[in-house]
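This report covers the ligand site of one protein model and the pocket that belongs to the site. The sequence and structure come next.

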Amino acid sequence: MSELSTNLIHHPYRAPAGFDAVAPGVHKASTVIFPNVHALRTQEWVDKSGYTYGLHGTPTTFVLEERIATLEGGLHCVLAPSGLSAVSLVDMAFLRQGEELLIPDNAYGPNKSFASGELSAWGITHRFYDAQNPQDLADKIGPSTRLVWLEAPGSITLEYPDLPALVAVVRQANGQRAEGARAVITALDNTWGAGIAFDAFETGVDVSMQALTKYPSGGADVLMGSVVTRDEHLHRQVLMTHMRLGLGVSGNDTELVLRGLPSMALRYQAQDASTRALATWMQSQKGVSQVLHPALKGSPGHDTWLRDAKAAACLFSVVFDERFDATRVDAFCDSLRLFKLGWSWAGPISLCAPYDVSSMRKAPWPHKGGLVRFAVGLEAVADLQGDLTQALDRLNA
Ligand SMILES: *Cc1c(COP(=O)(O)O)cnc(C)c1O
């Protein structure tokens, strides 16, 4: 028996090398085997020349990292277990006690929560700026500012910012810094653009982060995040913090994202078209006060979107007439059948969620009616429109 156990573990057979297939192989490991003590002592992993431990990369994670770096037009990619952990990884890699972080007032909520929770507790301050007003960013950058988050468009309300103008503000501040002072770094949450709507590094940002949970996966069944850089030094800082935090992704999860990638551009395009059709149609419906989507005239930042982007993601938000308060709008969401209630997006299924925007940000929110954010999936547009029609009929009844 003991001999059998040993033989099954230390089996001599090795499959022939050279197997090739469409899907990259899925490698899984905590332990990585070294050929000898010299290799165990000296094997490098930082430059992806080899393997040392599951947390430091496998052939499978290296392949995904290279593909995401290409998607983003960057040089290096580091994978994190969720989009949110990629956000906090960026914060922890670059911020030190006594430094300040600036975040758009309309940023992804949990990004703000990490700043007001952990970062505050660690002596790192933060302030919110109006991403539609580069002068507001210029006014808020101070000598202790170290990191500026950017997001295009804003979360939930989808205001499209002038990224090159915001980056120019940061560059100007860096030009005026005292000698030896740490430069301000810009990090973009590029989950919406996903590497398809616009080129993140063309806008001048230093770091592009994505929730691979959304478009790259496309399946609504896996969580992952990425941090992409073009600068060797910045990459090294992210990689070392990532290593010391012990952030890793599983082979199976990596496989799911690798499987989604080939169809990503087609899905983005299809969902963009469906979303624009529904958002445009929604504008003329009874009970609707405003539809927010960067491709719609009159939506905040529309002109900038037109200038800087060539596509738009699957999100639009609807502000209802002021006679429809939160309770009525909740009932509207409950009456939808194809649009399910849920948070993540860019998967096959359409989603909706009501938001109380005024409680989520510093700047006053001018609308009285409730807001619902829609995420459009891969269903037929006519069916989705039918679903919205029956729910609107009930709302207006
Ligand atoms: C979903 C999302 C994230 C976080 O991704 P998770 O994988 O869900 O943690 C970050 N930013 C934006 C804009 C997102 O939509």
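## Shell around the ligand

In this predicted model, the shell around the ligand consists of five nonpolar, four polar and three charged residues. Its members are S82, G83, L84, Y108, E151, D189, T191, A211, T213, K214, L223 and W345.

## Polar contacts and burial

Two side chains of the shell place a polar atom 2.6 Å from the ligand: for D189 the partner is a nitrogen atom, and for T213 the partner is an oxygen atom. W345 also has a polar side-chain atom facing an oxygen atom of the ligand, at 3.2 Å. The ligand on its own exposes 380 Å², and 88% of that area is buried by the protein.

## The pocket

Where does the ligand sit? The ligand occupies the largest pocket, which holds about 600 Å³ of space. A total of 34 residues line this pocket. Nearest its centre lie Y108, P110, S155, K214 and W345. Y108, K214 and W345 are also listed among the residues around the ligand.

By residue class, the lining of the largest pocket comprises 18 nonpolar, nine polar and seven charged residues. Three secondary-structure elements each contribute at least two residues to this lining: α4 (83-94), α5 (109-121) and β6 (207-211).

Key:
Residues are numbered from 1 along each chain as its sequence is written. This is a predicted model: local features need pLDDT of at least 70, side-chain atom pairs count only at pLDDT 80 or more; totals for chains, interfaces and linings use all residues. Side-chain values use heavy atoms; hydrogens and water are left out. A residue is near a molecule or strand if one of its heavy atoms lies within 4 Å of it. A polar contact is a pair of N or O atoms within 3.5 Å; within protein, one must be able to donate a hydrogen and the other to accept it, and residues adjacent in sequence count only if both atoms are side-chain atoms. Accessible areas come from the Shrake-Rupley method with a 1.4 Å probe; for residues, only the protein chains shown count as cover. On a 1 Å grid over the protein atoms alone, a cavity is a set of points where a 1.4 Å probe fits but cannot get out, and a pocket is an open set with protein on both sides within 12 Å along at least five of seven lines; lining residues have an atom within 4 Å of a point. A molecule sits in a cavity or pocket if more than half of its atoms lie within 2 Å of its grid points. Ala, Val, Leu, Ile, Met, Phe, Trp, Tyr, Cys and Pro count as nonpolar, Asp, Glu, Lys and Arg as charged, and the others, Gly among them, as polar. Grid points are joined across faces, edges and corners, and a volume is the space filled by probe spheres set on the points. Helices (H or I, at least four residues) and strands (E, at least two) are DSSP runs, numbered from the N terminus.
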